[in-house]
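Me: I'm new to this one and would like a close look at a single part. Could you walk me through how the two halves of the chain meet, and what sits around that place?

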Amino acid sequence: MGYMVDGVYHTGDDVTATLPSGAWERSRSTVRNWIGDAHFPAEAARYHLFVAWNCPWAHRALLTRVIKGLDDITVSYARPNRTDQGWVYDETGAFSDPLLGVRALHEVYSADPMEYTGRLTVPVLWDKVQGCMVSNESADIVRMLNAAFDGPDLLPDALRDQIDDWNALIYETVNNGVYRAGFASTQDAYETAAHQVFDTLDRIDAHLASHRWLCGDDFTESDLRLFPTLARFDVAYHYAFRCNLRKISDYAHLWPYARRIYHMPGVADTVRFDIYKRGYFSASEKRNPLGIIPIGPLVDWARVD
Ligand SMILES: N[C@@H](CCC(=O)N[C@@H](CS)C(=O)NCC(=O)O)C(=O)O
């Protein structure tokens, strides 16, 4: 997968992400600048996103871009499968990088004068004027784009505590919960994580029986952060990460809610089910040694109730 030390790329894995209990932990993002600060003015056309269609964290940034109408932020999409060079790009076409012309994400990180140390993750928000990274933390990217630019407010002051509470639960047990289930290396760690996923999905389904959105009448950041996991669930997590007690399309309220988000303007264009399958079912010694990609399931996201 690769990592970087003082701006120099190394192949292999620097840190073991698996704890002695067999549980799996995500490493922390370290580039945490903020649009709106003196060095990073709120001019959309100045910024660029490096993403991968299959990455749910990058999906948060893509969703914020379309919902806030920030088409001026340009985007480079990496190939769905990582190599020993990490996330890579073609020379031309849909998986190329029109901005810097890089062939691997580590070239973006090393183009920043900061001499980065850490993992090479998407999304990266890039400042084209200064030639440096603004942030590699999707939660920050969502918040700074929301605060710096016009368009629907995803984080109204009055709902902030509620939003933070949902975000914390959803991050731990759903967004990252599916990864903790899928990457667990013991039966216990897997079962604990997988049950947490469904406990929260069940709770959200019950909540949505009497609420249009997580925080009442308006679509907020919490809905935005839940959606990438819902979009990947039935085609990928249910099988590839063994989160298979239920599918999203089995839920009475969560399923129409997920489709309500899918049908918001621009959102369907951020979703690529074929690529989710290619990414999550890529050959993996532990999870899918032969790299065979299932043909199904058929999930009718186009349906409008
Ligand atoms: N905290 C980061 C996590 C991003 C993340 O883990 N991205 C994955 C793809 S889904 C990645 O690029 N991993 C590459 C690696 O860890 O080497 C965020 O939310 O922005």
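Reply: Here is a walk through the contact between the domains, the helices beside it, the core and a few backbone details.

Keep in mind that this is a predicted model. Start with the layout: the domain assignment splits the chain into domain 1, residues 3-148, and domain 2, residues 157-280. If you take the C-alpha centre of domain 1 and that of domain 2, they lie 22 Å apart. Where the two touch, domain 1 puts in 20 residues and domain 2 puts in 27 residues.

Now look at the domain 1 side of that contact. Helices α1 and α3 each supply at least two residues to the side that touches domain 2. The biggest giver there is α1, with eight residues. Sorted by class, this side of domain 1 has 10 nonpolar, eight polar and two charged residues.

Those two helices also meet each other, so let's zoom in on them. Helix α1 covers residues 56-67 and helix α3 covers residues 138-148; their axes come within 8 Å and cross at roughly 10°. An angle under 35 degrees counts as roughly parallel, which is why α1 is described as roughly parallel to α3. On the α1 side you'll find Trp 57, Ala 58, Arg 60, Ala 61 and Thr 64, and they meet Ser 138, Ile 141, Val 142, Leu 145 and Asn 146 of α3. By class, that contact is made of six nonpolar, three polar and one charged residues.

Next, the core. The largest nonpolar core has 79 residues, and the ones with the most contacts inside it are Val 51, Ala 52, Leu 105, Val 122 and Ala 181. Helix α7, residues 221-240, brings the largest share, 10 residues. Both domains take part: domain 1 and domain 2 each provide at least three residues of this core.

Val 122 is a handy spot to stop at. Setting aside neighbours within four places in sequence, Val 122 is in contact with Phe 50, Val 51, Ala 52, Cys 55, Ala 58, Ala 78, Trp 87 and Leu 105. One of these, Ala 58, is also among the α1 residues that meet α3. Val 122 has something going on in its backbone too: the peptide bond from Val 122 to Pro 123 is cis, with omega near 0°. Pro 123 itself sits in the loop between β5 (118-119) and β6 (124-127).

There's a cis peptide bond between Gly 296 and Pro 297 as well, with omega about 0°. You'll find Pro 297 in the segment after α9 (273-280).

Two other backbone details are worth finding on your screen. Asp 6, in the loop between β1 (3-5) and β2 (8-10), has a positive phi of about 50° although it is not a glycine. Asp 6 counts as exposed because it has 9 C-beta neighbours inside 10 Å. Arg 242 lies in the loop between α7 and α8 (254-262), and its phi is near 60°, again positive in a residue other than glycine. With 17 other C-beta atoms within 10 Å, Arg 242 is partly exposed.

Methods. Residues are numbered from 1 along each chain as its sequence is written. This is a predicted model: local features need pLDDT of at least 70, side-chain atom pairs count only at pLDDT 80 or more; totals for chains, interfaces and linings use all residues. Axes are lines fitted to C-alpha atoms, for helices over the stretch in contact, and angles run from 0 to 180 degrees between N-to-C directions. Helices (H or I, at least four residues) and strands (E, at least two) are DSSP runs, numbered from the N terminus. Angles under 35 degrees count as roughly parallel, over 145 as roughly antiparallel, 65 to 115 as roughly perpendicular and the rest as oblique. Two residues are in contact if their C-beta atoms, placed from the backbone, lie within 7 Å. Ala, Val, Leu, Ile, Met, Phe, Trp, Tyr, Cys and Pro count as nonpolar, Asp, Glu, Lys and Arg as charged, and the others, Gly among them, as polar. Domain bounds come from an automatic or database domain assignment. A nonpolar core is a set of buried Ala, Val, Leu, Ile, Met, Phe, Trp, Tyr and Cys residues joined through C-beta atoms within 7 Å. A residue is buried if 20 or more other C-beta atoms lie within 10 Å of its own, exposed if 12 or fewer, and partly exposed in between; C-beta atoms are placed from the backbone.
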